[in-house]
Amino acid sequence: MFENPYRPGAGQLPLYLAGRENEKKRFKRLLDQKPVLRNTIITGLRGVGKTVLLENLKPASKEMGWLWTGNDLSESASLTEDRICRRLITDLSLILRPILVKSVDQLPIGFARQPEKFDIPLTFDDLWQIYDHTPGLSSDKIKAVLFKIRDLLEKSSVKGIIFSYDEAQNLSDHAIAGEYPLSTLLDSFSALQRDHHPVQMMLVLSGLPTLFPKLNEARTYTERMFDVMTLAKLDHENSKLAIVEPIEISKSKLKFAEKTVEEISNMSGGYPYFIQYICKEVYDTWIDQATDGIVTSVPSKEIVDKLDQDFFAPRWDNATDRQQEFMWVIAGLPNCETEFTQQEIVRQSKQRLKKGFSPSHTSQILKTLEDKGLVFRSRRSKYCFAVPLMSEFIKRQNLNYQNP
Ligand SMILES: Nc1ncnc2c1ncn2[C@@H]1O[C@H](COP(=O)(O)OP(=O)(O)OP(=O)(O)O)[C@@H](O)[C@H]1O
Ligand SMILES: [Mg+2]
C-alpha cells in the first residue's frame with residue numbers, strides 16, 4: 001500500500017508542520033509568565049493552519065505543567081451566558097476528572113454525596129452546583145467555580161489550566177437579547193488574572209480575523225489582555241519544506257523533482273491548505289502510474305478545476321447574485337489580495353458597472369459578506385477577503401457584469 005502522505009482538510013494534522021517555529025517559541029514565553037497577564041489569540045485566513053497550530057501547542061504546554069482543555073466554539077455554544085459557562089464547566093470537569101476527587105473537607109456544601117468513598121472523581125454536576133449556588137451574575141458564578149478550582153489545585157503539581165477555544169469568531173454579545181457571553185468570558189479571565197494566584201489560568205482563542213475586532217468591541221481592555229499571533233502564508237523556503245518533508249517522513253519512493261516542487265509552491269501561493277491539496281492530487285495522479293520514481297509534472301489545469309469545485313465554489317455559491325457582483329468588482333482592484341477600502345470599491349464599481357454601488361450600499365454588503373465569513377475588516381479599518389486567493393478564483397469564472 002502506498003499511503004498518500006498529504007493531509008488536506010480542516011484540522012488534519014500535517015506530517016510536517018512548516019514554518020511555525022516563531023509562534024511556538026512565542027507561546028512558550030507566554031507559558032512562562034508569572035503571573036499570566038497576557039492570553040493568546042491565533043488568527044488568520046481560512047486554511048492557513050490555526051487549528052493544527054493549536055494542536056501542536058498542546059504537548060509543550062503539558063510538558064511545562066499545564067493542563068489543556070477546550071473545544072470548538074459553535075454558534076449555539078456561544079449564544080447565551082449560561083451556555084458559555086456550561087461549556088467552560090464541561091471542559092473543566094473533563095480535565096479535572098483524573099486529578100481531583102470529592103472530599104468532604106475540601107468542597108463546599110452539597111458536594112460529597114457519598115462521603116465514605118473519597119475516590120469519586122469530581123463531576124460536571126459538582127462544579128455546576130458551585131455555579132448554581134453562587135449569587136449574582138453569570139460572571140460572578142463562573143468566577144466562583146474557577147476560583148475554587150484554583151484553590152483546590154494549589155496543592156498539586158499543576159501549574160495552570162489552558163482553556164483553548166477554536167472557531168472563537170462565533171463568540172459575540174447579543175445586546176438585544178440581553179445576553180453577553182463574550183463579555184462574561186473576558187471579564188472572568190481578566191478577574192482571575194488580576195490576583196497573583198500560584199495556579200494560573202490562560203485563555204487561548206483561535207479563529208478568523210474577525211475575532212480580535214469583536215473582542216475589542218466587547219471590552220476595550222482586550223488590547224492589553226491578548227498577544228495576537230496572526231498566521232501568515234508560508235514563505236518560499238517553508239512552502240518547499242511543507243511539500244518535500246511528508247515524502248521524506250513517510251519514506252515514499254515517489255519523489256518530487258525540484259521543478260515540481262517550485263510549481264506546486266507557486267500554485268499554492270504558500271497557503272498550507274492549498275499545499276496539502278495540490279500535493280495530494282499530484283501524488284495520487286503519479287502513484288496511479290508508478291509506485292516509485294520522480295514526479296516531473298503537475299496536472300495543474302485539472303487540480304485547479306477540482307480545487308474550484310471543492311473549496312471555492314461552495315463559498316462563492318453561498319453569496320447572492322448581487323454579492324457575487326460586488327466581489328467581482330473587488331477582484332478587479334490591484335490590491336484585492338491584500339487590503340482594500342470602501343472608497344476603492346465604490347470608485348471601482350462606478351468604473352466597472354453601469355450603475356455602481358453607493359457608499360451606504362457598499363458598507364451594507366461588506367457587513368453581510370463579513371457575516372458570511374467571506375471578507376473581514378482589518379485592524380486598520382480596511383477590508384480583506386477571508387478566503388485566500390479568492391480573487392483568482394473569481395477571475396477564473398470569466399464573469400462579466402459590465403453593461404454594454
Ligand atoms: N504549517 C503547516 N505546514 C503544513 N501544512 C499545514 C500547516 N498548517 C496547516 N497545514 C495544513 O493546512 C490545512 C488547513 O489547516 P487548518 O485546518 O489548521 O487551518 P485553519 O486555519 O484552522 O482553517 P479554518 O479557518 O478553515 O478553520 C490542513 O490540511 C493542514 O494539514
Ligand atoms: Mg480551523
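Which domains does the domain assignment of the protein chain give?

1. The structure discussed here is a predicted model, and the points below should be read with that in mind. The domain assignment of the protein chain gives domain 1, covering residues 21–230, domain 2, covering 236–313, and domain 3, covering 318–396.

2. It helps to look next at how domain 1 and domain 3 stand to each other. Their C-alpha centres lie 36 Å apart, and the two domains touch through 7 residues of domain 1 that are in contact with 8 residues of domain 3. On the side of domain 1 that touches domain 3, the residues divide into 4 nonpolar, 2 polar and 1 charged.

3. The position of ligand 1 can be described through the domains as well. Domain 1 (21–230) and domain 2 (236–313) both give residues to the shell around ligand 1, and the ligand therefore lies between them.

4. The shell itself deserves a closer reading. There are 24 residues around ligand 1, of which Pro-14, Gly-49, Lys-50, Thr-51 and Pro-272 come nearest. By class, this shell has 11 nonpolar, 9 polar and 4 charged residues. Helix 2, which spans 50–63, and helix 11, which spans 272–287, each supply at least two residues of the shell.

5. A useful pair of helices to find in the structure is helix 4 (residues 124–133) and helix 5 (residues 138–153), whose axes come within 7 Å and cross at roughly 130°. Helix 4 and helix 5 are therefore oblique to each other, and their crossing is right-handed. On the helix 4 side the meeting residues are Leu-127, Ile-130 and Tyr-131, while helix 5 brings Lys-141, Ile-142, Ala-144, Val-145 and Lys-148. By class, the contact of helix 4 with helix 5 has 6 nonpolar and 2 charged residues, with no polar ones.

6. A second pair worth tracing is helix 14 (residues 342–352) with helix 15 (residues 359–371), which pack at an angle of about 115° with their axes 10 Å apart. The crossing of helix 14 and helix 15 is right-handed. Gln-342, Ile-345 and Val-346 of helix 14 make the contact with Pro-359, Thr-362, Ser-363 and Leu-366 of helix 15. Here the classes are 4 nonpolar and 3 polar residues, and no charged residue takes part in the contact of helix 14 with helix 15.

Methods
Residues are numbered from 1 along each chain as its sequence is written. Chains are lettered from A and ligands numbered from 1 in the order in which they are written. This is a predicted model: local features need pLDDT of at least 70, side-chain atom pairs count only at pLDDT 80 or more; totals for chains, interfaces and linings use all residues. A residue is near a molecule or strand if its C-beta atom, placed from the backbone, lies within 6 Å of it. Helices (H or I, at least four residues) and strands (E, at least two) are DSSP runs, numbered from the N terminus. Ala, Val, Leu, Ile, Met, Phe, Trp, Tyr, Cys and Pro count as nonpolar, Asp, Glu, Lys and Arg as charged, and the others, Gly among them, as polar. Domain bounds come from an automatic or database domain assignment. Axes are lines fitted to C-alpha atoms, for helices over the stretch in contact, and angles run from 0 to 180 degrees between N-to-C directions. Angles under 35 degrees count as roughly parallel, over 145 as roughly antiparallel, 65 to 115 as roughly perpendicular and the rest as oblique. A crossing is left-handed if the near helix is turned anticlockwise from the far one by less than a right angle, and right-handed if clockwise.
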